[in-house]
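The following exercises are to be worked with the sequence and the coordinates at hand. Each task is followed by a solution in steps.

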Amino acid sequence: MKEQRSNNRYSSNWLDRHHMGFVNLVLYALLPHTAEERDELVQNRHLKAYEMNALWPRPWLYLRAMLLFAVGLLLLYFCWKYEGREESSTLLPGLAVVGSLAMPVTLLIFFWEVNKWRSLTLLDVLRYFLIGSILAIAITFALLFILDLTPDERWYYNGHNYFTPRLVLDYDIVPFIVTACIEEFAKGIIIFAILYRHSRECHILHGILVGAAVGAGFAVFESAGYIVMDTDHLLNAVLVRSFTAPACHVAWGALMGGAIAMVAKGRMRLTLLLHPKVIAAFLLICALHFAWNYLQSSGTPINWSIDLSIVTWFLLLLAIRCGVHEIDEEQRMES
């Protein structure tokens, strides 16, 4: 394990040489790690391209975080069940908080480790996790409030059928489409604003991390609300929200951040919002969001959700690979 003493300068292994380095995203999390590796992760220093290699990242801390959350959640759950007070239990808020935090924070740590540039400190990530997501939620509710003001008067009536704007917004799958577009638009605006503020460090892996931070905070607040509202099936609500988190807001936010950074190429500007590739990425993410919400509400078999998760993470792995290639390109430019 000597090569793991440096998180950014390790040598390639068999998986890297055979173009399967993405397996290292999981493989190295299962191996023992030293205090030196932990200290290197938290160092506050933006690395240059020559200080890294162009190999897949090897994160490991995220697995420890996930196990810690799992143990804490189980302890709280058993205490809650043993207490027997159900909805009046003082442990209920703790269960909702830990259950909603578990997977989004685990994924956030994962993307923080994947960002080989070390361009964001833990304090930066926490700031965007809280403030960024709250602003995104505020924009979401503001847009939904504006839609609720849609007039309900009839624009068309022939004696049998009538048409109103409200009727269209509430028709069939339209609410799923509207919700997906509004939520992704709100997150996308905040992600763009944050990346614009960090335009000099706007690498692809950096953009993925910023998007994941905003998406993780959004997922936590949303999940906590659903868990508290479903106290009759608390464990089921916690498990559903936790296990589906990897394919939801965190992943969609990471994809949006990566797409913006990929198009920006270190030169952020307002016109990027209208760039065809950014718009295409936004529409794709909205489609993923809509499909997920529709499948969940229609009681579709779980294998469809698994297929959708695979598609989402395939796109994420491609984005991470593009981020690794970006490091290689900068190394060539510097040499």
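In which helix is the place of L76? The place of L76 is in helix α4, where helices (H or I, at least four residues) and strands (E, at least two) are DSSP runs numbered from the N terminus.

The model is a predicted one, in which local features need pLDDT of at least 70 and side-chain atom pairs count only at pLDDT 80 or more, while totals for chains, interfaces and linings use all residues. Residues are numbered from 1 along each chain as its sequence is written, and side-chain values use heavy atoms, with hydrogens and water left out.

**Exercise 1. Describe the surroundings of L76.**

Step 1. Determine the exposure class. L76 has a relative accessible area of 21% and is therefore partly exposed; buried means under 20% relative accessible area, exposed over 50%, and partly exposed in between (1.4 Å probe, protein chains only).

Step 2. List the contacts, a contact being heavy atoms within 4.5 Å. With neighbours within four places in sequence left aside, L76 touches L91, G94, L95 and V98.

Step 3. Take one of these partners, G94. The C-alpha atoms of L76 and G94 lie 7.5 Å apart in space, and the two residues are 18 apart in sequence.

**Exercise 2. Compare the span of helix α4 with its expected value.**

Step 1. Helix α4 covers residues 61–83, a total of 23 residues.

Step 2. The expected span is 1.5 Å times one less than the number of residues, which gives 33 Å for α4.

Step 3. From the first C-alpha to the last, α4 reaches 33 Å, close to that expectation.

Step 4. Identify the residues of α4 that are buried: Y62, L63, A65, F69, L73, Y77 and W80.

Step 5. Inspect the end of the helix. G84 follows α4 and has a positive phi, near 75°.

**Exercise 3. Characterise the packing of α11 against α12.**

Step 1. Obtain the geometry. Helix α11 (residues 249–264) and helix α12 (residues 276–297) meet at an angle of about 170°, and their axes are 9 Å apart. The axes are lines fitted to C-alpha atoms, for helices over the stretch in contact, and angles run from 0 to 180 degrees between N-to-C directions.

Step 2. Classify the angle. Angles under 35 degrees count as roughly parallel, over 145 as roughly antiparallel, 65 to 115 as roughly perpendicular and the rest as oblique. The helices α11 and α12 are therefore roughly antiparallel to each other.

Step 3. Name the residues that meet. H249, W252, L255, M256, A259, I260 and V263 come from α11, and their counterparts in α12 are K277, V278, A281, F282, I285, L288, H289 and W292.

Step 4. Sort them by character. The contact of α11 with α12 has 12 nonpolar residues, two polar and one charged, where Ala, Val, Leu, Ile, Met, Phe, Trp, Tyr, Cys and Pro count as nonpolar, Asp, Glu, Lys and Arg as charged, and the others, Gly among them, as polar.

**Exercise 4. Locate three salt bridges and state the exposure of their partners.**

Step 1. Apply the criterion: a side-chain nitrogen of Lys or Arg within 4 Å of a carboxyl oxygen of Asp or Glu. The count comes to four salt bridges.

Step 2. Consider R58 and D16, whose side chains meet at 3.0 Å, N to O. R58 is in the loop between α3 (35–41) and α4, whereas D16 is in helix α1 (residues 14–17), so the pair links distant parts of the chain, 42 residues apart. Both R58 and D16 are buried.

Step 3. Consider R127 and D124, joined at 2.8 Å, N to O. These residues are separated by about one helical turn because they are three residues apart in helix α6 (residues 122–148). R127 is partly exposed at 31% relative accessible area, and D124, at 15%, counts as buried.

Step 4. Consider R332 and D328, joined at 3.1 Å, N to O. Being four residues apart in helix α13 (residues 302–334), R332 and D328 are also separated by about one helical turn. R332 is exposed at 61%, and D328 is partly exposed at 22%.

**Exercise 5. Examine the positive phi values of H19 and R118.**

Step 1. H19 is not a glycine, yet its phi is positive, about 60°. H19 is found in the loop between α1 and α2 (24–27) and, at 71% relative accessibility, counts as exposed.

Step 2. R118 has a phi near 55°, again positive in a residue other than glycine. R118 belongs to the loop between α5 (92–114) and α6 and, at 7% relative accessibility, counts as buried.
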